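Work through the exercises below with the structure open. Try each task before reading its solution.

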Amino acid sequence: MNVNDKKTTAKKTINWWQPQVGELEHQLIEEVLASNYLNEGLITEKFEAELARRLGVRHAVAVTSGTAALYLSLYALGIRQGDEVIVPDLTFIATANAVTMCGARVVLVDIDPDSLNMDPGAFEQAITPRTKAVIPVHVSGRGADMQAIMAIARSKEIAVVEDAAEALMSAHKGKLLGTHGRLGCFSFSANKTITTGQGGLVVTNDSDLHTRLKQLKDQGRASRGTGGDDLHPVVGFNFKLTNLQAAVGLGQLQLLDGRLKRIQEIYTVYKSELSGLTKIKIIGFNTEDGEIPQWVDVIAEDRDGLDAKLTESDIHCRRFWHPLHTQKPYLSSDGNFPNSSKLSKKALWLPSAFTHSDNDIKRVCEEIKAIEGHPVPARRIDRSG
Ligand SMILES: Cc1ncc(COP(=O)(O)O)c(C=O)c1O
C-alpha cells in the first residue's frame with residue numbers, strides 16, 4: 001500500500017491533477033512576511049541556486065511564468081521581426097505566443113506519431129535562411145529527439161531553446177531535459193510537479209546570456225538596484241519572481257524527489273493495468289533512460305466518448321490541445337500536419353496527480369476496461385491505514 005491509499009473511498013472524485021502545499025511552504029512564507037522583504041530578493045536567489053544545482057547548470061534565472069521564460073530566452077538571443085522560429089504543431093500555445101511576442105514568425109512543423117514531439121525531419125525541412133531558433137517541446141515529460149534536433153541545429157547554426165515546461169528533472173538519454181540546448185525553460189504553474197502558483201525558470205551555461213537574461217527581467221539592470229538612481233544600460237521588462245513565490249518554490253523543492261518517485265509509480269500501475277487493450281494505447285516513456293512521466297497520456301480510438309464516460313464516474317481527464325495550426329493566430333491547412341491533426345483528437349491525459357493512490361489509479365483503469373468492454377475482475381480495496 002502506498003502513502004496515498006488511506007484516502008481512497010469507493011467513489012471519490014479523481015481529478016486529472018491537483019497541486020499540494022505542505023507545512024514548510026507555510027513556514028517559509030511566514031518567514032518572508034516577517035522579513036518584510038516580499039519582492040524578489042535573497043529567497044529567490046536561493047531558489048535559483050537550488051534549481052541550478054539540481055539541474056547541473058551554471059545559471060538559473062527565475063521569472064514570472066514559463067511563457068515569460070520562453071519569451072525572455074528568445075529575446076535574449078536577439079530574435080526579432082523578420083526572423084523565423086520553428087515550433088511543433090502540438091504544444092501549449094505559449095510556445096508559439098512567445099515567438100510572436102518577439103515580433104518573429106512562428107513556423108509550425110508536424111510531430112512524430114510515436115512520441116507526439118517535434119519530428120526532426122519536419123524541422124530540417126522547414127529551415128530557411130531566416131530561421132534563427134527552434135523550440136523542441138518535451139510534452140508530458142517525454143523527451144523530444146534531442147540528438148537529432150541538436151545535430152541539425154548545430155549544422156545550420158540555429159539556436160535551440162528547449163521548452164521543458166513539463167519536464168522538470170526528466171532526462172533524455174541520460175541528460176536532463178532543458179540542459180541540451182543553449183537555453184532551457186521550465187514552468188511552475190499549478191499543474192506542474194512543483195508550483196509557485198505561477199512562475200518559470202530559464203537555465204543556461206552561457207554567462208553572456210545569463211547577464212542578458214538578468215538585465216531583461218529587471219528593466220535593464222543586471223543586478224538588484226534601488227528603483228532610484230540605478231543604471232539601466234539596456235531596455236528591459238519586469239519578470240521578477242518574488243521572495244513570496246520563491247518561498248513556496250523552496251518548500252515544494254523539498255517534496256520534489258518524493259513526487260518524482262510517486263509519478264513513476266503511477267505510470268507503472270497504468271502500464272501494467274492497461275497493457276493489452278486494443279482501443280486505448282498508453283504512450284510509452286523511456287523510464288530506464290531517466291524520463292519522468294509527469295502526465296500519463298493515451299491514444300484512444302473514441303477519445304471524447306471515453307472522456308465523457310469517465311466524467312460520469314467522477315474521473316476527470318484532460319483532452320490534448322488543439323493543434324496550433326487550427327488556432328486563429330496560426331491558421332494553416334490540416335494537410336501540412338497529418339500527425340498532429342489526427343492524434344490531437346485521440347490523445348488524452350489520464351489522472352496523473354502525485355496525490356493519487358494506487359487504488360485511485362486502479363479504479364481509473366477498471367472504468368476504462370469496463371467502458372472498452374474488457375472483463376474486470378472483482379477488486380479488493382485496501383482500506384487499511
Ligand atoms: C509545453 C508548455 N509550454 C509552455 C508553458 C507555459 O508555462 P506557463 O503556464 O508557466 O506560462 C506550459 C505550461 O503551462 C507548457 O505546458
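**Exercise 1. Disulfides**

Task: How many disulfides does this predicted model hold, and what keeps C185 and C317 out of one?

Solution.

Step 1. Take the count. It comes to zero disulfides.

Step 2. Apply the cut-off to C185. A disulfide needs two cysteine sulfur atoms within 2.5 Å. The closest cysteine sulfur to that of C185 belongs to C102, and it lies 11 Å away, so the gap is too far for a bond.

Step 3. Turn to C317. Its nearest cysteine sulfur is that of C365, at 10 Å, and C317 is in no disulfide.

Step 4. Check exposure. Buried means under 20% relative accessible area. C185 has 1%, so C185 is buried. C317 has 15%, so C317 is buried too.

**Exercise 2. The seven-stranded sheet**

Task: Trace the order of the seven strands in the open sheet, then find which strands stand at the edges.

Solution.

Step 1. Write the order: β1-β9-β8-β5-β4-β2-β3. The pairing is mixed.

Step 2. Look at the ends. β1 (59–63) and β3 (105–109) each have a single partner strand, so one side of each has no neighbour in the sheet.

Step 3. Add the twist. On average, neighbouring strands are turned by 25° against each other, direction ignored.

Step 4. Zoom in on one pair. β2 (residues 84–88) and β3 run parallel, joined by five bridges. Within this pairing, P88 stands opposite V109 in β3.

**Exercise 3. Helices on that sheet**

Task: Which strands do helices α2 and α3 touch, and at what angles do the helices run?

Solution.

Step 1. Place α2 (residues 42–55). This helix packs on the sheet and touches β1, β8 (183–187) and β9 (200–204). Its direction makes about 135° with that of β1.

Step 2. Place α3 (residues 66–76). This helix also packs on the sheet. Its contacts are β1, β2, β4 (131–134), β5 (159–163), β8 and β9. The direction of α3 makes about 165° with that of β8.

Step 3. Link back to the cysteines. C185 falls within β8 (183–187), and C185 is buried.

**Exercise 4. The four-stranded sheet**

Task: In what order do the four strands of the other open sheet lie, and which residue stands opposite I282?

Solution.

Step 1. Read the order: β10-β11-β13-β12, with antiparallel pairing.

Step 2. Find the edges. β10 (280–282) and β12 (318–319) have a single partner strand each, so each has one side without a neighbour in the sheet.

Step 3. Inspect the first pair. Three bridges join β10 to β11 (residues 297–300) in the antiparallel sense. Here I282 stands opposite V298 in β11.

Key. Residues numbered from 1 in each chain as written. Predicted model: local features only at pLDDT ≥ 70, side-chain atom pairs only at ≥ 80, totals over all residues. Heavy atoms only, no water. Pairing = 2+ DSSP bridges. Helix = DSSP H or I, 4+ residues; strand = E, 2+ residues; numbered from the N terminus. Axes fitted to C-alpha atoms, helices over the stretch in contact; angles between N-to-C directions. Contact = heavy atoms within 4.5 Å. Buried < 20%, exposed > 50% of the residue type's maximum accessible area, 1.4 Å probe, protein only.
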